[in-house]
Amino acid sequence: MLKISHEVVRPGRTYGDAEVSIPIPEELATVPGIPANQREVDWYAREYPLETMNITERASRDWANSLRDQHVEMREIRKEHDKLNTNLIMATRQSADIEPTVEPTGEDISQGIKDKARELGFLEVGITASDAHYEYQSKRGFNKYQHAVCLAYEQDFEPTQTIPSVDAEIVHSSTYRTQAAAALELANWIRSNGYHSQVIHSSDATGPIIALFVKAGLGQLGACGYLLTPHAGNRQRLLMVSTDANVTYDKPVDYGIHAFCQVCQVCVNRCPGRALMRDKIWWRGIEKNKLYFKRCRPVMARYLGCGICMKVCPVQKYGLKNTMEHYAATGQVLGKGTHDLEGYELEGKGYFGPGELPVFESDFFSSMPHGNVDEWAFDRFKAKAKSGGGKITDDMLDELKEEVNRSLGLTGDVLAMMAEDQDYI
Ligand code: SF4
Ligand code: SF4
């Protein structure tokens with residue numbers, strides 16, 4: 001039995017459940033939250049502000065959507081989701097300007113917010129400061145209030161275990177919609193206590209909000225690039241409600257995940273795109289496993305959003321308490337090496353058990369467009385000119401003009417399509 005460093009006590013899975021206590025072995029203890037060098041975080045935020053990949057990598061986004069639309073079922077699912085989601089997005093965009101319905105009493109309403117959020121079905125809720133270090137340049141000023149209520153809504157267990165699949169894609173989209181509707185109700189409750197509140201829909205995410213969830217003590221960043229929380233691991237969707245209410249901030253917690261991922265490595269070993277980094281690096285002032293975007297999106301685009309790194313995570317499947325207790329007792333990662341945890345099927349490619357990975361053609365990764373729409377259009381223009389011996393035709397110029405015009409008019413479209421990228425940081 002390994003020596004225990006500390007016990008983390010968290011609320012139970014559903015509202016009203018008893019608290020759970022999670023033992024963290026001494027060899028997995030690092031720091032609360034994530035190792036960070038605040039001076040570097042400040043410097044990068046000032047000199048190299050973050051920007052959403054829906055702008056910086058828009059060309060591959062369009063390409064991925066066009067591939068997904070070739071899948072008849074997925075095309076219909078996406079259409080249905082867009083139809084249902086639009087009103088929710090519109091409602092959340094108006095939420096910042098709605099006035100409170102009473103005068104505030106001045107009381108701290110942190111516990112009230114948490115109780116209401118749990119009653120509405122949220123799995124995790126924590127409060128921290130809104131933080132411009134983790135805002136996209138294009139979203140500066142979008143969030144109107146200084147406090148961030150961080151909310152995680154659990155995605156159903158069963159369909160998630162079938163990843164990558166149409167069923168998993170359906171539950172993924174519906175979880176985004178359910179949490180948006182619940183957040184609008186939470187915002188109403190905050191207003192009924194005398195304060196403003198703004199629901200920031202995941203389609204309007206102002207930045208890589210996982211950073212705020214870690215600060216609010218709801219979990220730690222996994223090697224897969226998702227937030228890992230105690231009950232559902234990475235199987236949840238995230239959303240933020242900002243407010244000017246009188247609240248108290250939560251503190252980051254050491255769940256042992258930062259070190260455990262280096263022992264576990266299941267997602268790293270099972271990723272079909274070899275897109276996850278085995279070792280941690282320092283990136284923008286934070287120590288983390290960095291995702292290779294260019295090796296992930298080609299797989300996501302062709303295999304139903306992929307998400308295998310979510311499915312194979314033991315914390316997702318068994319919960320952190322079971323995972324840590326098993327590790328403390330045996331020194332082993334629960335489920336590692338089993339078909340149940342590690343196996344998956346890729347449509348048209350077959351089943352891959354522990355130790356087996358698919359092999360892709362050489363242009364599988366290199367054929368993906370890169371950069372924003374302008375960059376990609378200009379790259380293709382130059383390639384055509386080069387292959388034509390330097391000759392530039394009117395057709396080539398017209399095509400370039402069309403692409404540039406399209407990129408100039410795309411702001412609203414970009415904002416409406418951000419949901420699925422919220423988990424990258
Ligand atoms: S989504 Fe798929 S390709 Fe991307 S990191 Fe996860 S397992 Fe790898
Ligand atoms: S699969 Fe293992 S390494 Fe990957 S995020 Fe989950 S716990 Fe961390």
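Here is a friendly conversation between a colleague and a modeller about a predicted model.

Colleague: Let's start with burial. Why is Leu304 called buried or exposed?

Modeller: Leu304 has 23 C-beta neighbours inside 10 Å. The threshold for buried is 20 or more, so Leu304 counts as buried.

Colleague: And what makes Glu73 buried or exposed?

Modeller: For Glu73 the count inside 10 Å is 11 C-beta neighbours. Exposed requires 12 or fewer, so Glu73 counts as exposed. Glu73 sits in helix α4, residues 72–94. Its C-alpha is 7.7 Å from that of Val166, although Glu73 and Val166 are 93 residues apart in sequence.

Colleague: Then there is Arg274. Which burial class does Arg274 get, and why?

Modeller: Arg274 has 15 other C-beta atoms within 10 Å. Because buried needs 20 or more and exposed needs 12 or fewer, Arg274 is partly exposed.

Colleague: What can you tell me about phi at Arg274?

Modeller: Phi of Arg274 is near 50 degrees, a positive value in a residue other than glycine. Most residues other than glycine have a negative phi. Arg274 belongs to the loop between α10 and β9 (281–283). Leu304 is another non-glycine residue with a positive phi, about 50 degrees, and lies in the loop between α11 and α12. Gln265, just after α9, has a positive phi of about 60 degrees.

Colleague: How do you know whether the peptide bond between Ile163 and Pro164 is cis or trans?

Modeller: Omega is about -5 degrees there, and the bond joining Ile163 and Pro164 is cis. Most peptide bonds are trans. Pro164 is placed in the loop between α6 (157–160) and α7.

Colleague: On to the strands. Why is β4 described as largely enclosed?

Modeller: Eight of the eight residues of β4 (residues 147–154) are buried, so the strand is largely enclosed by the rest of the structure. In a regular strand the side chains alternate between the two faces of the sheet. In β4 both faces are covered: His147, Val149, Leu151 and Tyr153 are buried on one side, and Ala148, Cys150, Ala152 and Glu154 on the other.

Colleague: What makes β3 and β4 a pair?

Modeller: Pairing takes at least two bridges. Strand β3 (residues 124–129) is joined to β4 by six bridges, and the two run antiparallel, so they count as a pair. Thr128, for example, has Ala148 of β4 as its bridge partner.

Colleague: Which bridges link β4 and β8, and in what sense?

Modeller: Strand β8 (residues 236–243) pairs with β4 over eight bridges in the antiparallel sense. Val149 has Val241 of β8 as its bridge partner.

Colleague: How do you know that the buried residues of α9 are on the same side?

Modeller: In helix α9 (residues 257–264), the buried residues are Ile257, His258, Phe260, Cys261 and Cys264. They cover an arc of only 165 degrees around the axis, which puts them on the same side of α9. These buried residues pack against β6 (220–221), β7 (227–228), α10 (266–270) and α13 (314–318).

Colleague: Which residues stand out in the largest nonpolar core?

Modeller: That core has 88 residues, and Cys150, Leu151, Phe213, Met240 and Cys267 touch the most other members. Helix α7 (residues 166–191) gives the most to this core, with nine residues. Leaving out residues up to four places away in sequence, Cys267 touches Ala223, Cys224, Leu276, Cys309, Val312 and Cys313. In soluble globular proteins, nonpolar side chains tend to be buried together.

Colleague: Now the ligands. What surrounds ligand 1?

Modeller: There are 13 residues around ligand 1, and Cys271, Gly273, Cys296, Cys306 and Cys309 come nearest. By class, the shell has 11 nonpolar, two polar and no charged residues. Helix α11 provides the largest share, three residues, and α11 (293–302) and α12 (308–311) each supply at least two.

Colleague: And what surrounds ligand 2?

Modeller: Ligand 2 is surrounded by 14 residues, the closest being Gly222, Cys261, Cys264, Cys267 and Cys313. Two or more residues of the shell come from each of α9, α10 and α13, and α9 gives the most, with three residues. The shell divides into 12 nonpolar, two polar and no charged residues.

Key: Residues are numbered from 1 along each chain as its sequence is written. Chains are lettered from A and ligands numbered from 1 in the order in which they are written. This is a predicted model: local features need pLDDT of at least 70, side-chain atom pairs count only at pLDDT 80 or more; totals for chains, interfaces and linings use all residues. A residue is near a molecule or strand if its C-beta atom, placed from the backbone, lies within 6 Å of it. Helices (H or I, at least four residues) and strands (E, at least two) are DSSP runs, numbered from the N terminus. Ala, Val, Leu, Ile, Met, Phe, Trp, Tyr, Cys and Pro count as nonpolar, Asp, Glu, Lys and Arg as charged, and the others, Gly among them, as polar. A nonpolar core is a set of buried Ala, Val, Leu, Ile, Met, Phe, Trp, Tyr and Cys residues joined through C-beta atoms within 7 Å. Two residues are in contact if their C-beta atoms, placed from the backbone, lie within 7 Å. The arc is that of the directions from the helix axis to the C-beta atoms.
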